[in-house]
Amino acid sequence: MSNNVSENSSIIKRANGAIIPIGLICILGFVWAVMVAARGVDPVIKPHAYMYIFAFALAIFALVYGVTKDKFVYNPYEYDDSVIKAGVIATIFWGVAGMLVGVIIALQLAFPQLLYSINLDWLNFGRLRPLHTSGVIFGFGGNALLATSFYVVQRTSRTRLAGGMWPWFVFWGYQLFLVIAGTGYLMGITHGKEYAEPEWYVDIWLTIVWVAYLSIFMMTLVKRKERHIYVANWFYLSFIVTVALLHIVNNLALPVDWLGAKSYSLSSGVQSAMTQWWYGHNAVGLFLTTGFLGMMYYFIPKRAERPVYSYRLSIVHFWTVIFIYIWAGPHHLHFTALPQWTQTLGMVFSIMLWMPSWGGMINGLMTLSGAWDKLRTDPVLRMLAVSVAFYGMATFEGPLMSIRTVNALSHYTDWTIGHVHAGALGWNGLVTFGALYCLVPWLWKKKQMYSVRMVEWHFWLSTIGILFYITAMWVSGIMQGLMWRAYTDFGFLEYSFIETVKAMHPYYVIRALGGTLFMLGMFLMAWNVWLTVKGKGDAHALGDDTPPAKKPSVSAIPELAHNLKQGA
């Protein structure tokens, strides 16, 4: 909570109303964790019980200390930027950690003996791979969405975040989820579902945190001082609501024991597969697409100092994406036991996604009209622009790969890996980097980043790394698919499985190189942000006469004054 208010001011508010519900949640969690630590039926769950005990005990102590010392006070007429700063730092931390693990497992695929040990299971590929995917998607991407959504909804609504202490509960609760889930993967605790691997007790905790997140966001919009709801908030809200629905339905499970780690999904067979890929594809569509489109629709206009190219098109983009994307999941299950009409439905809706996706890409890029010259001198804006280009490429390639005849070649191959990382690194990664480079000087009240040259280096390291990565996987994947379906004149397979693996080795080395370049850019960013926060070099503090917007202001909404005046 911000304490930067005068003690004799009549506008001071106290966040004590959130103490009781947050305290009850922590006490109940603490009691359950103590029971598991004492009588847990699975040895692997006990380390998690001790982690929960420590976390909840620390939270209870912080609540008691804060109440007795009257620490939870704030000015309702100032933005709550402290939790956003914490989100920025967490985003960078999880980005460094997740990408480092990604490089390690890429090297393990190229050199299988790397870090292999029969006595150290947690170093093996099977344990590290979900740690990497969850670290970058939910750690890096999730914290970026938390931080930017809290920033954008305040500025575009001209009001402080709702909930008092609840934003801090969401932030720390989400970090606890990431730690429990990640350490669970290393110990072999997994539900076995792609992007939904945490076990039941971790899922329940995330549900509590996510409901609090949704409530904060919605109540901030309810108490907004701006009549218009800016389009970025629609994208953020759709991501929060739909991810809650996806998470709950896909993770419905029955624990073997309430004091144990293992559970069984309520669905089975082809129904389980359909539910999983309804979740899996829409986790990509709503978590990694609409949430980050919220970033695009705020930070590109703000950085370019231009209105959104077409506000009407942005609304059409929103409604078409959320209505079409939710039905595209079955294209992951071509040539399976899933009924063919369902597979075809997924394929048709995937192809329909070309229209809204490219409409959004065009809208993002054309927002730079009148500001194209800034791409030569502003590497941050260049990152944002290139991210939109990768968004367009990935959303063209995805529907293409959903077509049954193309999918027959691409599925289960490295082509899919290349496609996923074109979107994840090129779209999600670069737009997040651009947003963070905007946020850091704004939040810490600096004139600019410590080193614009380092931002330039980061842009080129990332872009070249992505190109190495995806081109290697495209070639490897198509070659892999063609080798799998090659037959001799006598009708036998022409290549054994090990021959295909051997043929892919040089491309795996190139992929590891590309990932390493991308990771180096992440390290460079972390160093640049640290020096900026410390006020080194060119990162001078702004004078009192030119502070960044700290109080609600209509100028925070990048397109409002122009587009609404024009009747767009």
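1. A cavity is a set of points inside the protein where a 1.4 Å probe fits but cannot get out, and a residue counts as lining when it has an atom within 4 Å of such a point. In this predicted model, the residues T207, W210, V211, A244, H247 and I248 line the second largest cavity. The volume of this second largest cavity is about 30 Å³.

2. Where in the fold does that lining come from? Helices α6 and α7, the latter spanning 231–250, each supply at least two residues of the lining of the second largest cavity. By residue class, this lining divides into 4 nonpolar and 2 polar residues, with no charged residue.

3. How many cavities of 30 Å³ or more does the structure hold? There are 2. The largest cavity has a volume of about 40 Å³. Its lining consists of V83, G87, N143, L146, A147, F150, P167, V170 and F171.

4. Three helices should be examined together around the largest cavity: α3 (82–110), α4 (125–157) and α5 (166–187) each supply at least two residues of its lining. The largest share, 4 residues, comes from α4. The lining of the largest cavity contains 7 nonpolar and 2 polar residues and no charged ones.

5. The next feature is a pocket. About 720 Å³ of space lies in the second largest pocket. Of the 23 residues that line this pocket, L58, A59, A62, W168 and W172 are the closest to its centre. The elements giving two or more residues to the lining are α1 (19–39), α2 and α5.

6. Which element provides the largest share of the lining of the second largest pocket? It is α2, with 8 residues. The lining of the second largest pocket comprises 19 nonpolar residues, 3 polar residues and 1 charged residue.

7. Helix α2 (residues 46–68) also meets helix α6 (residues 200–222): their axes come within 12 Å and cross at roughly 25°. Angles under 35 degrees count as roughly parallel, and α2 and α6 are therefore roughly parallel to each other. The crossing in which α2 passes α6 is left-handed.

8. On the α2 side, the contact with α6 is made by H48, Y52 and F56; on the α6 side, Y201, V202 and W205 take part. The residues of this contact divide into 5 nonpolar and 1 polar, with no charged residue. Helix α6 thus appears in two settings in this note: in the contact with α2 and in the lining of the second largest cavity.

9. A second helix pair deserves attention. The axes of helix α11 (residues 354–366) and helix α13 (residues 379–402) come within 9 Å and cross at roughly 170°. Why are these two helices described as antiparallel? Angles over 145 degrees count as roughly antiparallel, and α11 and α13 are therefore roughly antiparallel to each other.

10. The contact between these two helices involves W354, S357, W358, G360, M361, G364 and L365 of α11. From α13, the participants are A385, V388, Y391, G392, T395, F396, P399 and L400. The residues of the contact of α11 with α13 divide into 10 nonpolar and 5 polar, and no charged residue is present.

Conventions
Residues numbered from 1 in each chain as written. Predicted model: local features only at pLDDT ≥ 70, side-chain atom pairs only at ≥ 80, totals over all residues. Heavy atoms only, no water. Axes fitted to C-alpha atoms, helices over the stretch in contact; angles between N-to-C directions. Parallel < 35°, antiparallel > 145°, perpendicular 65-115°, else oblique. Left-handed = near helix turned anticlockwise from the far one by under 90°. Contact = heavy atoms within 4.5 Å. Nonpolar A, V, L, I, M, F, W, Y, C, P; charged D, E, K, R; others polar. 1 Å grid on protein atoms, 1.4 Å probe; cavity = no way out; pocket = protein on both sides within 12 Å on 5 of 7 lines; lining within 4 Å. Points joined across faces, edges and corners; volume = space filled by probe spheres on them.
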